[in-house]
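Q: Got a minute to go through this one with me? I'd like to start with a helix and then move on to how the chains meet.
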Number of protein chains: 2
Amino acid sequence: MDNKVIKAALLGLGTVGTGVYKVLKNQESEMEAKIGSKVQISRILVRNLEKASEKVEDDSVLTNSCDENINDPLITIVIELMVGMEPARTYILAALRAGKHVVSANKDLIAVHGRELLEAAEANHVDFLFEAAVAGGIPIIRPLKQCLAGNYITEVMGIVNGTTNFILTRMTQDGMEFQDALALATELGYAEADPTADIEGLDAARKVAILASVAFHSRVVFDDVYIEGITKISSKDIRYAKEMGCDIKLLGVAKQAEDGIEAYVCPVLIPSTHQLATVNDSYNAVFVHGDAVEDVMFFGRGAGELPTASAVVGDVFDIVRNIRMGCAARIGCTCYKEIPVKKMEDTYHRYFIRLQVEDRPGVLADITTIFAKYEVSIAQIIQKETKTPGSAEVVVITSTVREGDFRTAMAELGNRSSIRKTSSVLRVYGK
Amino acid sequence: MDNKVIKAALLGLGTVGTGVYKVLKNQESEMEAKIGSKVQISRILVRNLEKASEKVEDDSVLTNSCDENINDPLITIVIELMVGMEPARTYILAALRAGKHVVSANKDLIAVHGRELLEAAEANHVDFLFEAAVAGGIPIIRPLKQCLAGNYITEVMGIVNGTTNFILTRMTQDGMEFQDALALATELGYAEADPTADIEGLDAARKVAILASVAFHSRVVFDDVYIEGITKISSKDIRYAKEMGCDIKLLGVAKQAEDGIEAYVCPVLIPSTHQLATVNDSYNAVFVHGDAVEDVMFFGRGAGELPTASAVVGDVFDIVRNIRMGCAARIGCTCYKEIPVKKMEDTYHRYFIRLQVEDRPGVLADITTIFAKYEVSIAQIIQKETKTPGSAEVVVITSTVREGDFRTAMAELGNRSSIRKTSSVLRVYGK
């Protein structure tokens with residue numbers, strides 16, 4: 001084989017699949033000069049042949065049998081762009097075992113079965129690359145594995161879900177409430193018909209699991225990640241945050257502390273001067289702290305047909321370069337450590353609490369007394385009158401406290417008759 | 001050779017050299033698990049043996065003869081961290097010809113002799129990597145060559161000089177004048193004793209040449225880059241820019257237009273809402289636009305001992321992986337096109353002009369008449385009284401016009417007796 005033409009199969013011709021098809025077409029005239037070979041999509045697995053035929057120049061490449069792709073010895077690279085666990089997992093494993101290189105954008109799958117897939121790739125001396133699985137078009141996996149390899153990464157933190165960032169941006173800039181902002185996101189195509197995975201933080205958590213595994217060289221899976229979504233955020237929380245010099249962002253956070261890895265997704269108050277606070281609309285960004293590089297941030301489109309395809313094709317081209325140089329599987333799994341993941345209860349945070357309380361003397365004393373019992377001190381406090389007679393609203397920012405202790409304090413506080421309602425509990429970035 | 005230990009030589013033990021030494025020491029225990037081999041600094045070329053001996057654990061590695069490094073067959077990687085053209089160029093060429101891989105952070109050299117160095121590497125089947133030459137610790141060369149390889153990049157634009165960004169930030173946030181901000185930068189160690197290369201834009205221009213070459217696959221050298229520094233910017237310009245919703249940043253810009261490449265460094269008015277406008281102090285950022293990925297930005301520390309060392313060590317580790325897999329020179333020179341670089345006169349911009357004029361009727365008519373003759377239309381105009389009797393200050397933002405035509409119009413305008421002084425001429429980002 002002279003490798004002048006390298007044949008690839010696409011599994012899936014949805015948004016990203018169509019994007020990859022387009023980007024490879026666009027690069028056709030330049031590919032050989034750039035990477036030494038031409039990549040040809042010689043088969044595409046689709047569900048609906050008729051619908052798919054409108055998207056491709058030559059519909060003879062379409063098939064609805066995956067076996068044809070996996071068993072064809074002429075196909076060298078399999079590009080998996082399906083959604084969910086199965087049959088994606090079975091197809092990828094079969095492809096790897098058949099000695100094919102695989103590119104995948106399937107974060108759901110990789111966040112759970114990443115180890116199995118990377119081990120299968122290693123056992124078969126082939127590449128399994130997944131740059132597109134985190135933050136769409138933004139280069140982050142390869143920079144972490146290569147450019148920043150000289151660092152001990154202590155923190156990876158990002159806005160890794162465009163839908164929720166769009167919703168929070170509208171709530172911040174236009175004063176919208178969550179439901180209205182979600183409706184707008186759906187109308188504009190930023191949110192899916194069932195937005196659960198986005199607004200409940202599941203999508204972000206998958207990315208956090210993958211990012212943490214790559215950054216800390218220790219496997220973190222979806223189930224390890226503590227998750228809170230943005231459905232309970234109100235425009236009032238955002239206004240109070242602004243008064244305190246902060247924006248509210250849904251952050252995916254992975255930290256390497258001395259006693260283990262912390263991994264969570266939740267809305268966080270972040271100082272408006274922080275570089276991540278300037279990331280608005282559906283943009284994504286991943287912020288990395290390493291002992292040598294200090295702070296570095298990667299910003300761009302976290303989703304979309306062509307941006308995600310950009311990442312997929314970057315991986316495909318890298319595999320082509322490996323094939324030509326005979327160095328497949330040049331960089332495989334980099335999880336050579338086993339670091340425990342901490343329980344959320346054992347992590348430390350500052351908290352933003354918004355409470356509806358009785359408007360009478362002694363209520364603030366109630367709050368401070370209970371907090372003091374659990375060694376929670378108060379850093380900032382705002383009390384305002386409300387429209388309800390006899391009721392006031394109190395907003396507190398605490399100092400740093402262990403989450404488990406904080407939860408106990410909050411439970412005790414909730415039992416006090418003077419506390420009518422706990423409207424919000426959010427975490428605050430920084431010590 | 002089992003490649004368990006890979007020996008490297010450091011040429012230079014200044015700020016970055018010391019950083020590389022430290023980062024490799026820090027990674028010692030982890031290196032083998034990460035990249036399969038240990039990298040050992042077995043020789044360091046220094047000028048002053050005595051001074052250098054304080055910086056290393058074992059001073060037997062120090063030498064002031066470069067020949068010892070180049071001729072030692074046990075040394076596989078040469079890390080060049082000197083400054084300026086010679087003897088760096090001679091040393092690197094000798095190392096490459098001796099079959100050694102080279103990592104360099106020498107932007108001065110690469111912006112002029114990049115082609116020669118990359119060709120020598122290719123001829124000798126070795127790697128020549130230079131991630132640290134642009135924007136310090138920020139991953140940008142590898143992301144452009146690999147992650148974004150599926151794109152036609154049309155624009156690379158960045159804040160690639162930390163000294164000038166610090167100065168402009170102080171002028172913007174504290175209302176300082178240039179000379180005071182420069183003095184502060186010198187005091188804090190952000191500016192060198194001779195700040196010329198920074199404040200006149202030469203340092204940024206070297207990075208633009210390298211970025212353009214990598215992004216557009218066509219060699220752009222230092223002499224191709226049009227350069228203006230920031231020495232003429234006053235806090236007044238910055239205040240007017242703010243009134244017009246913009247910040248002033250020293251941008252390095254490389255664009256690929258249909259008729260050629262544009263490459264220049266100059267202070268630019270950029271909308272305060274643009275992601276680059278939020279990059280302050282000594283931080284750097286590179287903004288890239290590609291046909292697939294759309295907008296993506298890379299942000300971080302553009303200089304400094306450890307951040308720059310992070311990039312150097314990333315390159316060293318990549319070379320180790322190549323050595324172990326037998327795929328040296330996996331990605332070499334990617335300039336497979338020859339695209340002309342346009343003259344600055346032939347590029348199109350909007351302009352910000354600040355003029356001191358006679359305060360009498362007809363002056364604005366003078367300006368608009370001359371501009372109209374050269375098809376320069378006016379997008380925004382502000383006129384203010386000044387302290388000088390009979391004098392007024394006029395600030396104009398033009399529509400887009402060819403630079404050559406604009407210069408002719410400005411020359412003609414300068415001859416009018418009603419125009420007392422042209423205080424500032426700056427370019428404005430966007431159409």
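Q: What do the buried residues of helix 8 of chain A pack against?
A: This is a predicted model, where local features need pLDDT of at least 70, side-chain atom pairs count only at pLDDT 80 or more, and totals for chains, interfaces and linings use all residues. Residues are numbered from 1 along each chain as its sequence is written, with chains lettered from A and ligands numbered from 1 in the order in which they are written. In chain A, the buried residues of helix 8 pack against strand 7 (153-159), helix 9 (178-187), helix 10 (196-199), helix 12 (235-243), strand 9 (246-257) and strand 11 (283-290). Helices (H or I, at least four residues) and strands (E, at least two) are DSSP runs, numbered from the N terminus.

Q: How many residues of helix 8 of chain A are buried?
A: Ten of its 13 residues, so to speak of it as mostly covered is fair. Buried is 20 or more other C-beta atoms within 10 Å of a residue's own, exposed is 12 or fewer, and partly exposed is in between, with C-beta atoms placed from the backbone. Among the buried ones are Phe166(A), Ile167(A), Leu168(A) and Arg170(A).

Q: And what comes just after helix 8 of chain A?
A: Gly175(A), with a positive phi of about 65°.

Q: Switching topic: how many residues does each chain give to the contact?
A: Chain B gives 48 residues and chain A gives 48 residues. Contact here is C-beta atoms, placed from the backbone, within 7 Å.

Q: Which element of chain B gives the most to that side?
A: Helix 13 of chain B, with eleven residues.

Q: How do strand 12 of chain A and strand 12 of chain B run?
A: They run antiparallel, joined by five bridges. Strands pair if DSSP finds at least two bridges between them. Phe298(A) has Phe298(B) as its bridge partner.

Q: What about the open sheet in chain B, what's the strand order?
A: It has six strands in the order 3-2-1-4-5-6, with parallel pairing. Strand 3 (62-63) and strand 6 (128-129) of chain B are at the edges with a single partner strand each, so one side of each has no neighbour in the sheet.

Q: Which residue is the bridge partner of Val102(B) in strand 6 of chain B?
A: Phe128(B). Strand 5 (residues 101-104) and strand 6 of chain B are joined by two bridges and run parallel.

Q: Last one: how many helices and strands does chain A have?
A: Chain A has 15 helices and 17 strands. Of its 431 residues, 53% count as buried.

Key. Contact = placed C-beta atoms within 7 Å.
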